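I opened a fresh notebook page for this one. Here is what I looked up, in the order I got to it.

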Amino acid sequence: MGTGTDFINTRVDMFGYYLDLAWRSLRHHQVLAALMVLAIALGIGASVTMLAVLHNLSGNPLPGRSGVLFHPQVDPRPAKLSGADVEPPDDLTYIDAVNLYQLGIAPRRAVMSSNWLPVRADAPDSPLAMYTDRATTADFFAMFGVPFLYGAAWSAQDDASHAQVVVLSRAMNQKLFGGGNSVGRTLVIATKTFRVAGVIDDWNPQPRFYDVNGGAFGKPEQMYLPFFAWLDLPQDYGYGPMNCWGNDPNAGTHDPRVQQCTWAQFWVQLDTPAQAADYRAALVQYSAQQHQLGRFQRDPDVRLRGLLDWLDYKRVIPVTVRMQTWIAFGVLLICLVNTVGLMVAKFLRKSGEIGVRRALGASRRDVFAQCLIEAGVVGLAGGLLGLPLAWLGLWMVRQQPVSFAASAHFDPSMLGVALLLAVLSSLLAGVWPAWRASRVAPALQVKSL
Amino acid sequence: MRIHLQVRPILAALHSHKAAVVLLVLEIALTMAVLGNLVFIVYGNIQRAHVPTGVAESGIGLIQSIGVIGQDNPGTAAGNIAVLRAVPGVADAAYGGPPLWFVQSNPVFVDPSRKQALAKVYEFQGSQGLVSTLGLRVIQGRAPARDELPVAENATKDTEVPVLATQALASRLFADGHALGKVIYDGGSNPMRIVGIVDHLRGGITGRADDDYALVAEFLLGNQNVGGGFMIRAGDPAHLPEVLAAAAAALQKANPGHVQSKLYTMAELRENYFRSDLAAGRMLVAIMLILLVVTALGVSGLASFWVQQRRRQIGMRRALGATRGDILHYFQVENFLIVSAGVLLGALFAYALNLFLMHRFELAHLPAHYLLVGALALWVLGQLAVLGPALRAAAVPPVVATRSV
């Protein structure tokens with residue numbers, strides 16, 4: 001080994017030679033090799049399936065925008081409340097929702113909730129049907145980057161004047177108006193006439209970060225109404241998932257304006273860290289002021305979580321998915337123990353061959369490297385076979401009637417993860433057997449030949 | 001006898017393959033740990049999906065008929081109940097919802113000051129006929145008589161409401177067993193007097209004890225226009241789907257101002273309720289199968305390796321008079337010993353894993369008999385996996401002994 005390049009060339013040559021040896025060895029012991037590859041493939045298939053599900057479920061729902069979206073929380077609960085969570089409530093009471101909405105220091109903000117309402121097209125004898133709605137304020141669409149097919153969002157002026165306008169989802173526009181440009185047409189919502197302001201394209205960020213009450217992987221609502229006009233409607237269809245303190249958990253069922261019930265979600269856009277700091281200070285100040293007024297009994301306790309922190313805090317990933325992921329990795333571990341056992345056996349069988357190589361001058365390191373490369377080849381083969389298995393696994397998940405089924409698709413990045421996981425884990429499994437094989441004493445083996 | 005004699009030489013032989021044996025034992029133990037817990041979770045899911053709610057499930061159908069505020073509608077509550085009862089095949093009908101369908105769960109108190117809630121209770125409220133439509137079994141006391149029902153329009157916040165309580169709730173609230181006639185309170189202001197006890201009524205089925213804590217209250221409805229859930233009970237459960245459809249049509253005809261959102265039979269509600277649990281169960285069963293296959297691969301892989309390695313020794317034993325059966329048994333016993341060691345270690349692992357799952361996912365404590373199921377499965381699996389290699393070993397002719405390898 002004279003120069004550096006020679007050294008590298010030798011290494012590369014040796015690597016090629018070891019690959020060739022590995023290939024020959026595996027072909028020679030086809031059954032054992034097939035068993036190892038199959039075991040690794042099954043382990044990789046199971047774990048990559050669950051990894052892909054987990055990866056898709058914990059993704060960023062609004063890449064590019066998530067950094068500037070924040071979820072403010074204040075604590076309006078009584079000082080003494082047995083069994084209460086230490087964290088402030090997720091949602092706001094009606095009064096806090098209105099006050100924070102009017103606070104106006106965030107560049108954009110949206111207050112919202114959801115329920116379902118009876119709707120019919122504005123034509124005689126058209127049938128009534130229930131449609132889900134999100135009641136919110138004008139900034140919702142720009143803040144969350146909702147794409148419009150026709151028309152546009154309503155204005156802040158519309159919010160202020162309680163205008164009866166509506167933004168339809170693509171599917172609802174299809175159902176009611178046959179899918180054309182329906183801007184300006186009217187429909188009857190809870191007996192009041194609303195004018196279509198816009199129609200949005202399919203939009204379904206997952207997890208549905210802006211309202212995780214009742215699961216973060218649900219469908220989006222079918223239409224969007226101005227929040228304050230929505231509150232005016234003659235309706236009693238619930239006002240979203242409501243949490244009330246005190247003895248009567250139903251205090252707000254028919255009256256969303258009661259003091260002791262939280263139910264409105266609230267989001268703000270804050271473009272710079274300075275704005276976020278100012279907004280946090282404003283929340284503290286607001287809480288202190290409400291405390292002085294006697295409305296808040298607790299000392300100011302506010303939260304201003306960014307979108308991704310919020311999803312983290314809410315642990316939106318279904319518990320069954322987390323458990324299944326743990327179990328899938330348990331399976332992978334078992335597959336690896338299995339592979340270690342088979343490799344020990346396999347290298348042991350090659351003792352004679354290894355003894356000859358050692359006697360002919362191969363160092364322990366050479367033998368170790370050769371065995372490890374054989375393990376890597378097994379892992380690579382297992383990974384390649386595991387990919388279609390993972391694909392099959394994801395297909396099976398998609399067939400399940402679970403809310404996150406649609407999220408179970410094969411991400412190209414998972415391809416690399418699967419192969420890397422397969423090779424790394426099989427190398428790991430190969431270390432000990434290879435080390436054992438490299439301890440084979442040359443003389444003993446040569447003698448027995 | 002023979003098997004007993006074989007154990008010592010087997011142990012001696014295994015001793016010289018320590019590494020592979022230890023790994024195999026470890027693999028079986030890990031498989032056992034995961035398998036035991038998975039069987040427990042899946043079986044728990046399946047069992048829960050078959051817990052009865054306590055109502056006449058096979059005959060009950062639900063019509064969700066939603067009133068639109070501000071919309072004219074000629075139908076009345078009492079009229080609607082009469083319309084439903086008049087539909088051929090309907091045995092009973094009432095306004096109110098069945099179990100597993102948005103049943104409210106509220107704290108309940110035995111003192112009027114409402115200081116300390118004793119339990120969270122499913123509250124079933126509905127019209128006259130609710131108890132008989134649900135088909136509840138009153139085992140003590142009686143169902144509220146029609147003339148003592150509070151009239152919905154006249155009820156004030158002090159009106160006493162006669163209620164039925166489940167047996168489980170009655171003994172939770174009144175440990176002395178004298179619940180009949182006692183007054184209890186929920187978050188609202190009305191006192192509720194327990195006039196009867198029903199055997200079971202589960203609002204939801206989560207596996208917790210308070211599933212079976214329920215109260216049923218009937219109110220006398222008259223001319224008001226109410227929307228929500230209307231229930232029917234078909235006289236012949238076999239005809240429920242047709243009867244339900246006919247009832248829904250009749251109800252819609254009487255209430256042109258209502259929106260009918262959905263019809264459900266109780267069986268469909270149950271299916272929806274357990275859908276995601278059963279889906280998770282199917283995933284776990286798939287994982288279990290993978291696990292069993294991998295372990296079988298490991299066992300039979302190592303066994304065939306050993307058979308091949310010991311061909312010469314097997315030949316010698318055969319030459320010295322061992323029968324094919326002896327050789328077969330040798331490998332079977334060897335496998336049994338290894339699997340048994342794995343199972344013993346696996347029982348420990350299973351409990352450790354169960355502690356972790358209990359801590360992290362609120363899983364219940366793993367009962368010992370699930371470990372027996374896991375052990376049995378692994379013993380059978382081991383014997384099946386070793387059968388091929390062992391038969392190959394038994395087929396080794398004695399003449400091999402005379403050849404050099």
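**Contacts and chain shape**

I began with the contacts in chain B that have a separation of 6 or more: residues 24 or more positions apart account for 84% of them. I should jot down that this is a predicted model.

Next I looked up the secondary structure and found 10 helices and 11 strands in chain B.

Then I checked the dimensions. Along the principal axes, the C-alpha atoms of chain B fill a box of roughly 105 × 45 × 35 Å. The radius of gyration of chain B is 32 Å, whereas a compact globule of 405 residues would come out near 22 Å. For burial, I noted that 42% of the 405 residues in chain B are buried.

**Domains of chain A**

I turned to the domain assignment, which splits chain A into domain 1 (10–58 + 318–448) and domain 2 (66–314). Their centres, taken over C-alpha atoms, are 50 Å apart. I found four residues of domain 1 in contact with five residues of domain 2. On the domain 1 side of that contact I listed two nonpolar, two polar and no charged residues.

**Where the chains meet**

How many residues does each chain bring to the contact? I got 45 from chain A and 41 from chain B. On the chain A side, helix H2 (30–57), strand E4 (129–136) and helix H10 (319–349) each supply at least two residues. H10(A) gives the most, with 19 residues. Sorted by class, the side of chain A that touches chain B has 30 nonpolar, 11 polar and four charged residues.

Note on methods:
Residues are numbered from 1 along each chain as its sequence is written. Chains are lettered from A and ligands numbered from 1 in the order in which they are written. This is a predicted model: local features need pLDDT of at least 70, side-chain atom pairs count only at pLDDT 80 or more; totals for chains, interfaces and linings use all residues. Domain bounds come from an automatic or database domain assignment. Two residues are in contact if their C-beta atoms, placed from the backbone, lie within 7 Å. Ala, Val, Leu, Ile, Met, Phe, Trp, Tyr, Cys and Pro count as nonpolar, Asp, Glu, Lys and Arg as charged, and the others, Gly among them, as polar. Helices (H or I, at least four residues) and strands (E, at least two) are DSSP runs, numbered from the N terminus. The radius of gyration is taken over C-alpha atoms; the globule rule is 2.2 Å times the number of residues to the power 0.38. A residue is buried if 20 or more other C-beta atoms lie within 10 Å of its own, exposed if 12 or fewer, and partly exposed in between; C-beta atoms are placed from the backbone.
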